[in-house]
Amino acid sequence: MAKVITDKMCAQLAAEDGTFDAIAVNPCVVLGPCMTTAHELVGSWQWVLARMLAGKPCIRGFQALWNICDVRDCGEIQALIAESSNPRNGSRYNICATDDSGELNIFALQAKLMRLFPDIMIGGAPEDGSLKRVHDGPRAHCDLARSELGLATHHIDDTLKATGDTMIKLGLVGGAKGPAYKAAKM
């Protein structure tokens, strides 16, 4: 609700000023290639994914869908907005899953990571009984950005693989031990 109110206030200010348009871009769960170790911030989606790639349980977001968008798509939409005549003051673009394939509950996310990283033990839902049920939301797709702006989104597999690969490369998975490999790497 706070985001919607803020978007409306900014659009009102822009309309009253008349010299600029306020256009909102609201990403959901942002993943994708990491460029720096700053992504290790405790509680971030990257941090949670790194725990899973280290064979540890997911401790955030396991009760609901991960509605995943790619950080590269978040950057691309900024350029598309600047280049397009479609957005107007008050336009609002949700950057979220391209389709159902990017809306993953903890079990689907774990299965997808196991397929993308077959040599790594992947953590999943907590085993302490704290998961009673998985909420079936948030459900949303970035259809407006795709239709109005021509955003060509990254496939969920590409997003998850790029996230994991770069996090491993940056040493963000499992600390000095690295990922939880199933067998000793030769």
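**Exercises on a predicted protein model**

From the N terminus on, the protein chain of this predicted model follows the element order α-β-β-α-β-α-β-β-α-α-α.

**Exercise 1.** Determine how many helices and how many strands the protein chain contains.

*Solution.* Read the order of elements from the N terminus: α-β-β-α-β-α-β-β-α-α-α. Counting each kind of symbol gives six helices and five strands.

**Exercise 2.** Establish the order of the strands in the open sheet of three strands, and state which of them are edge strands.

*Solution.* Step 1: the order is 2-3-5, and the pairing is mixed. Step 2: strand 2 (29–31) and strand 5 (103–104) each pair on one side only, and these are the edge strands. Step 3: strand 2 and strand 3 (residues 66–70) are joined by three bridges in the parallel sense. Within this arrangement, Val29 is found opposite Ile68 of strand 3.

**Exercise 3.** Identify the angles at which helix 2 and helix 3 run relative to the strands.

*Solution.* Step 1: helix 2 (residues 45–53) lies across strand 2 and strand 3, at about 65 degrees to strand 2. Step 2: helix 3 (residues 71–83) also lies across strand 2 and strand 3, and its angle to strand 3 is about 55 degrees.

**Exercise 4.** Describe the protein chain as a whole by its extent, burial and charge.

*Solution.* Step 1: the C-alpha atoms fill a box of roughly 60 × 35 × 25 Å along the principal axes. Step 2: 42% of the 186 residues count as buried, that is, under 20% relative accessible area. Step 3: there are 19 positive and 21 negative side chains, and the centres of these two sets lie 9 Å apart.

Key: Residues are numbered from 1 along each chain as its sequence is written. This is a predicted model: local features need pLDDT of at least 70, side-chain atom pairs count only at pLDDT 80 or more; totals for chains, interfaces and linings use all residues. Side-chain values use heavy atoms; hydrogens and water are left out. Two strands pair if DSSP finds at least two bridges between them. Helices (H or I, at least four residues) and strands (E, at least two) are DSSP runs, numbered from the N terminus. Contact means heavy atoms within 4.5 Å. Axes are lines fitted to C-alpha atoms, for helices over the stretch in contact, and angles run from 0 to 180 degrees between N-to-C directions. Buried means under 20% relative accessible area, exposed over 50%, partly exposed in between (1.4 Å probe, protein chains only). Lys and Arg count as positive and Asp and Glu as negative; His and the chain ends are not counted. The place of a charge is taken as NZ of Lys, CZ of Arg, CG of Asp or CD of Glu.
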